[in-house]
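Welcome! Please take a look at the sequence and the 3D structure below before reading on.

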Amino acid sequence: MGRPGFFRKPDLTGREHREFNDALHRLHLMAGRPSLTVMAREMRGAGISRSSIHDAFSSVRLPQWHVVDALLEILASKAPGLTAEQQLEPMHALWLRAAEAEQSPVKSAAGVMVADAPRSILLFDIEHYSDRDDVQQAYLRRLLYEIADHVLAAAGINEAQRRSADRGDSVMELIDASASLAALLRALITEMPKQLLAVNRALSSSAQVRMRGVLATGHVTIDEHDGWVGSDLNRAWRLLNAEFLRKALQEQTNNIALCISDSVYQGTVRHGHPLIPLESFRRVTFDSKDGQMTAWLTSPS
């Protein structure tokens, strides 16, 4: 893909799925090729992740109908002369034929868990999210996604290189190994503080937004339900919830605490890349459910 609003077509062997996918891409074209970010923002209330939207266009797996139904609402509203009602029946017929073909015995590999290539794992979390009321939580969720989008764009990471998952007060991003880890870390150190500072300038002292972040690397398995599992992902969550990172955030005046896994430090930071100050990282060891772990703590400024 590479450019906003352009989605790579998957290499589909089944005629029924290919016909459905062609129709979905054609509708996207008629709507003016809205970007993944635009569609995800408009569909956020439906609880549909960015990766689910992206996969509807580009994955070899047939999307669930509720994802397609929500897409029809968005795309038809942007296509001159079209309505969602006009598109509903023909698109559902195409989807149904593809779904029936997918259940054929020939598709014996359906449902097998697939391990991705090595990825970067980025986690964000907002402090005291559950203490806010519903209106504030909705605002914070929107803010969290906007910061994630800005940081990844600043790192040169396009929509085809990332998969997102929502955990309420947290965001998970899986980033393709083709994306520069050094560029991502630079963006976290330089751009994330700017974004958060701009937001907090407009808020009272009691409403300040404070965030923890983790950058790690590893393998993550994605199942047929878009569930993410893997020991590397588990260890990244251990870092995000570690007491040392929570304590570090309490001690910061810039409302951000960031830690990286030992693999990120050894593979990237210690080599002295520009705008990644080696001296700003402090080694931390702590006990976890997986035994003793090593991480590196920094405070972006």
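Here is a short tour, from the whole chain down to one strand and its partners.

This is a predicted model, in which local features need pLDDT of at least 70 and side-chain atom pairs count only at pLDDT 80 or more, while totals for chains, interfaces and linings use all residues. Residues are numbered from 1 along each chain as its sequence is written, and side-chain values use heavy atoms, leaving out hydrogens and water.

Let's begin with the overall picture. The protein chain has 10 helices and 10 strands; these are DSSP runs (helices H or I, at least four residues; strands E, at least two), numbered from the N terminus. Along the principal axes, its C-alpha atoms fill a box of roughly 60 × 45 × 35 Å. Of the 301 residues in the protein chain, 50% are buried, meaning under 20% relative accessible area with a 1.4 Å probe, protein chains only. Among contacts (heavy atoms within 4.5 Å) with a separation of 6 or more, 72% are between residues 24 or more positions apart.

Now for strand S4, residues 170-176. Because 6 of its 7 residues are buried, S4 is largely enclosed by the rest of the structure. Which strands are joined to S4 by bridges? The table shows S2 and S3, each running antiparallel to S4; two strands pair if DSSP finds at least two bridges between them.

| Strand | Residues | Bridges to S4 | One bridge partner in S4 |
|---|---|---|---|
| S2 | residues 119-126 | 7 bridges | Asp-176, partner of Arg-119 |
| S3 | residues 162-166 | 5 bridges | Ile-175, partner of Arg-162 |
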